[in-house]
Amino acid sequence: MQDPNEDTEWNEILRNFGILPPKEEPKDEIEEMVLRLQQEAMVKPYEKMTLAQLKEAEDEFDEEDIKAIEIYREKRLQEWKALKKKQKFGELREISGNQYVNEVTNAEKDLWVVIHLYRSSVPMCLVVNQHLSDLARKFPETKFVKAIVNSCIEHYHDNCLPTIFVYKNGQIEGKFIGIIECGGINLKLEELEWKLSEVGAIQTDLEENPKKGIADMMVSSIRNISMYDSDSSGSDTEAK
């Protein structure tokens, strides 16, 4: 295919009729550099400074600059606080039973806390710990902790494990006790994410329950079996 920017008589005719766009002029690198430097010069120096640098350079600005700096500093400070809050957690931490009250029940206001009570001897608990560790990284604004159940509750039965409690403002907002409630032995990460999102602990980007398709298939199978049993009963009655 012919280059539309090539200097040919045919291309010039096509340009005159508007079939080809005007020929691109070669860019002047020096002119581009000058324009870039001009744009950078128009940017207030404080917009490139850190909060510490702003503090050091305060004496060099006039009154108008100082007002703008205060606004800018507040904006940067709020952005920094929001980032620190969002990245406050980001991991599944181990706590002991005597830390339960401070770390979970008395956690800061409006903070969602997910705690997993587990035993390493229970295979399902290891699966849940792995999933919660992944979710902690994905949702760092939520506090994820785990504790060996014996350090929190004495004589807790294995058939109640895994146990997941979801707290907010000292209240239990959700609980999943035992393998079935936690999602079954084949629990997938997305399924646990959905469960925690349903009680409000995290804001998932999943659009629907990952188990919905499986549940629909089970309901359909049960209905088919019921219809078959009804037909069979009817046939037996007629035969008699």
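Helix α9 has E191, L192, E193, W194, L196 and S197 as its buried residues. The cover over these residues includes β2, α6, β3, β4 and β5, so let us walk from this helix into the sheet and the core, keeping in mind that the model is a predicted one.

**Around helix α9**

- Just past the end of α9, G200 adopts a positive phi of about 100°.
- Helix α9 spans residues 189–198 and is among the elements that give two or more residues to the largest nonpolar core.
- One of the buried residues of α9, L196, is also named among the core residues that touch the most other members.

**The chain as a whole**

- The protein chain holds 10 helices and 5 strands.
- Of its 240 residues, 30% are buried.
- The accessible surface of the chain is about 17000 Å², and carbon and sulfur atoms hold 53% of that area.
- Among contacts with a separation of 6 or more, 57% are between residues 24 or more positions apart.

**The sheet**

- How are the strands ordered? The 5 strands make an open sheet that reads β1-β3-β2-β4-β5, with mixed pairing.
- The edge positions belong to β1 (92–94) and β5, and each has a single partner strand, so one side of each lacks a neighbour in the sheet.
- On average, neighbouring strands here are turned by 25° against each other, direction ignored.
- Strands β1 and β3 run parallel and share 3 bridges; here E94 has K146 in β3 as its bridge partner.
- Strand β2 (residues 112–118) and strand β3 (residues 143–148) are also parallel, joined by 6 bridges.
- Along β3, F144 is the bridge partner of V114, and A147 is the bridge partner of L117.
- Strand β3 is mostly covered, with 5 of its 6 residues buried.
- Helix α6 (residues 123–138) lies across β1, β2, β3 and β4, and runs at about 160° to β2.

**The β4–β5 hairpin**

- Strand β4 (residues 163–168) pairs with strand β5 (residues 171–177) in the antiparallel sense, over 6 bridges.
- In this pairing, K168 sits opposite Q171 of β5.
- The two strands form a hairpin with 2 residues between them, and N169 in the turn has a positive phi of about 55°.

**The nonpolar core**

- Which residues touch the most other members of the largest nonpolar core? Out of 37 residues, they are V104, V114, I115, L132, F144 and L196.
- The elements giving two or more residues to this core are α5, β2, α6, β3, β4 and α9.
- V114 shows how such a residue is surrounded: leaving out residues up to four places away in sequence, V114 touches L132, T142, K143, F144, V145, I164, F165, V166, L196 and A201.

**A closer look at L117**

- L117 belongs to strand β2.
- Is L117 buried or exposed? L117 has a relative accessible area of 1%, so it counts as buried, the cut-off being under 20%.
- With neighbours within four places in sequence set aside, L117 is in contact with Y100, A147, V149, C152, I153, L161, P162, T163 and F165.
- One of these contacts, F165, is 48 residues away along the chain, yet its C-alpha atom is 8.2 Å from that of L117.

**The aromatic pair**

- How many aromatic pairs turn up in a search of the whole structure? The search finds 1.
- Y100 and Y167 have ring centres 6.1 Å apart and planes at 80°; the pair is therefore edge-to-face.
- This pair links distant parts of the chain, with Y100 in helix α5 (residues 100–105) and Y167 in strand β4, 67 residues apart.
- Y100 counts as buried because its relative accessibility is 14%, and Y167 counts as buried because its relative accessibility is 8%.
- Y100 is also one of the contacts of L117, which ties the aromatic pair back to strand β2.

Technical notes. Residues are numbered from 1 along each chain as its sequence is written. This is a predicted model: local features need pLDDT of at least 70, side-chain atom pairs count only at pLDDT 80 or more; totals for chains, interfaces and linings use all residues. Side-chain values use heavy atoms; hydrogens and water are left out. Two strands pair if DSSP finds at least two bridges between them. Helices (H or I, at least four residues) and strands (E, at least two) are DSSP runs, numbered from the N terminus. Buried means under 20% relative accessible area, exposed over 50%, partly exposed in between (1.4 Å probe, protein chains only). Contact means heavy atoms within 4.5 Å. Accessible areas come from the Shrake-Rupley method with a 1.4 Å probe; for residues, only the protein chains shown count as cover. Axes are lines fitted to C-alpha atoms, for helices over the stretch in contact, and angles run from 0 to 180 degrees between N-to-C directions. Rings of Phe, Tyr and Trp (its six-membered ring) pair if their centres lie within 6.5 Å; planes under 30 degrees apart count as stacked, over 60 as edge-to-face and the rest as tilted. A nonpolar core is a set of buried Ala, Val, Leu, Ile, Met, Phe, Trp, Tyr and Cys residues joined through side-chain atoms within 4.5 Å.
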